[in-house]
Amino acid sequence: MTTAIITAQDVHLYYGKKEALKGITMQIKRGEITAMIGPSGCGKSTFLRSLNRMNDLISNVKITGEIDLEGQNIYGSEMDTVQLRKRVGMVFQQPNPFPFSIYENVVYGLRIAGINQRERLDEAVETSLRQAAIWDDVKDKLDQSALALSGGQQQRICIARVLAVQPEVILLDEPTSALDPISATKIENMLLELRQHYTIVIVTHSMHQASRISDQTAFFYQGELIEMDQTKQIFLNPREQKTEDYISGRFG
Amino acid sequence: MRNDFATELNNLHIRFSEMAMMVNEAIQKAVTAFINHDQQLAQQVLAADQQINNREIDLEKKSFEMIALQQPVTSDLRMIVTVLKASSDLERMGDHAVSIARADLKLESQKTLPEVEQLISQISQQVESMFAQAIEAYLQEDDQQAIAIAQADDNIDQLTRQVNNLCIQNMKTNAQTVENGTAYMLVTNYLERMGDYVTNLCEWVVYLKQGKLADLNAKA
Amino acid sequence: MAKRTTFTRVLDENKYEIALSTNNLRVNYGDYEALHGVSLQFERYKITALIGASGSGKSTYLRSLNRMNDTVGSAQVSGQIMYRNLDINSAQVDVYEVRRHIGMVFQRPNPFSKSIRENITFALQRRGLHDSKKLEQIVETTLKQASLWEQVKDDLNKSALALSGGQQQRLCIARALALEPDILLMDEPTSALDPISTANIEQAMQELKQHYTIIIVTHNMQQAARVSDYTAFFHQGKLIEYDQTRRIFTRPQVQLTEDYVSGHFG
């Protein structure tokens, strides 16, 4: 039985006067891949970023409602955002490795957390690079700059960097849209593997990707959550006409 | 829990092959029951049919799901289409096995026509062997073999005509044989239809391998 | 302008079945050969998709077709690019003239920071066309062809940068069309767009192919399958297979192609 790890209750988000999220209520289940789909400006990325308070970094943003991680309100006063972002990691659309070695990229979060014992770092590097399915590609060149890698490899390094701090939830914002199909498929297969240990939430514009890898799919439209269900249900027999139109490519 | 596509496709293939074995077994049992007048065995065929029907529905559901979620192309798509279409042929073969078993239950054992039963036995052996070879051709994805197997269907058609003629002759001369004669003709025609379904299966093997829709039934 | 119209008419009367072809086209960056001799013919009024992984050479090939690689310092393009019985890869041919006949739409929409109208008229005015009636007509025609007219016809003076990404991309298509090219090259034109904008562009492409030959590079296999008539698959700088799209996606002849289009990568 899968239980909710994140619960959002009537989340509204405003950029100044513009209401970007109009009362989102949903549960994200532990150990599953949840895909968020919808056209540009539908609010899916905004919602994703609100799950680890990335929106805090933008001025003029106001958020109401409640988002609980394991029953604890992440917008509550006692929530430490650094701690939160360790538990809920984020991978972005454009691979953004730091201009350091591969090794230092992966251990970055650990060093910030004050972990410096070589043994622990070495172990974390190997484990997370293996999980990110890139260990064999880079094990002999851990001291080389991460920037020398291909786009797909860079993205996997970024995922390893998130994994190194052992998060509970991984948020991915269109992680493969800048990659070619081969790199994208490698990342998708990796995510299917990772699901055994992590809860994954992915924003994607690729319907093909959502249908192939996710367990649950949430369809957003104009700041509202139109429908959320098992991916199978959404792609074979959605309840809402809007969902059906969107996933079958019948727009306007 | 979701598997990757390759695993799912392989599972589909395995479950389809299993269905073919189930149908093969049903045919063997139905015909054996008919020839040996074994009512118990005939009952077994009736009982097992639900499983075959369930498997077809199951394969259909899985195929639709894979098409919707994975949008397969080329040989992956052909595999799914083959399973989708051929499983409904298999299901109909299963239904015919049931019909043979039902005919068997009605047969009046004191008024048999040994000569006709001999021919029916011959037809059933041919159907079984053709079907077994077709399953093998599917498993090996051997299109040439599939084309060759389909040729054997001519033989079955010919034997069917023989049985029908023989039964009609007997029924004309001896009214006592009318009931059994009708049952024989029915059973023979079920077997003949099975031959056609095996031919369809062979066509799907050709499609699976070459991507071409062949008509192996085109001959007279 | 009058001259150009005549030119188009002449073209219509002469049936060029093949709009463009390359013969043993190679691209080298110094010692490194990025493209190993590609020969392909592009049928007129059809959409041809070029597919393949990153580094397969498809974009390099596309950019060679209107000599965009000329602007890459170390790139050397050898072989022939035949356009109307003329090898346009020859040094004597004016690159700008080539690009007028063979237009390009890029991955990221790149409108000028000018009004919608000026985005389209800018190049024409620079070419000496100042007849404002004529210009208005071209603005309307090209925006209609790019399926954008209905949405912007009342806002032609608005900045192009105020448009959505998908609208910007359609404006870039209209801008390319204003020069009346024969051939439109598109380099992953929808990869930065959401599915709705993508569908709009794909729809526009179907209209455009009545008048233009389109060659598109795409990473999106479903897109290639949906929009194109022909598909060319590139791998490691080589053209592996070229065929009707429906064949490439149902029964390709080469295993490498099959693996790629079915997503069976290593």
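**The interface of chain C and chain A, and a patch on chain A**

Between chain C and chain A, an area of about 1200 Å² is buried, and carbon and sulfur atoms give 68% of that area. On the side of chain C, the residues that lose the most area to chain A are P195(C), I196(C) and F265(C), which together make up 42% of what that side buries. The model described here is a predicted one.

Counted by residues, the contact joins 14 residues of chain C with 13 residues of chain A. Polar links across it can be counted as well. Three residue pairs are in polar contact between chain C and chain A, with both residues of each pair at pLDDT 80 or more. As for salt bridges, the rule finds zero across the interface of chain C and chain A.

The side of chain C that touches chain A can also be described by its elements. Two or more residues each come from helix 8 (195-208) and helix 9 (221-227) of chain C. Helix 8 of chain C gives the largest share of that side, three residues.

Chain A also has a feature to look at on its surface. There, F100(A), Y108(A) and I112(A) make a nonpolar patch of about 290 Å². One of these residues, I112(A), belongs to helix 3 of chain A, which covers residues 102-112. I112(A) has a relative accessible area of 58%. Because exposed means over 50% relative accessible area, I112(A) counts as exposed.

How values were computed. Residues are numbered from 1 along each chain as its sequence is written. Chains are lettered from A and ligands numbered from 1 in the order in which they are written. This is a predicted model: local features need pLDDT of at least 70, side-chain atom pairs count only at pLDDT 80 or more; totals for chains, interfaces and linings use all residues. Side-chain values use heavy atoms; hydrogens and water are left out. Patches are made of residues with over 30% relative accessible area and no salt bridge: like charges are joined within 9 Å, nonpolar side chains (Val, Leu, Ile, Met, Phe, Trp, Tyr) within 5 Å. Accessible areas come from the Shrake-Rupley method with a 1.4 Å probe; for residues, only the protein chains shown count as cover. A salt bridge is a side-chain nitrogen of Lys or Arg within 4 Å of a carboxyl oxygen of Asp or Glu. Helices (H or I, at least four residues) and strands (E, at least two) are DSSP runs, numbered from the N terminus. Buried means under 20% relative accessible area, exposed over 50%, partly exposed in between (1.4 Å probe, protein chains only). Contact means heavy atoms within 4.5 Å. Buried area is the accessible area (1.4 Å probe) that two parts lose on being put together, summed over both. A polar contact is a pair of N or O atoms within 3.5 Å; within protein, one must be able to donate a hydrogen and the other to accept it, and residues adjacent in sequence count only if both atoms are side-chain atoms.
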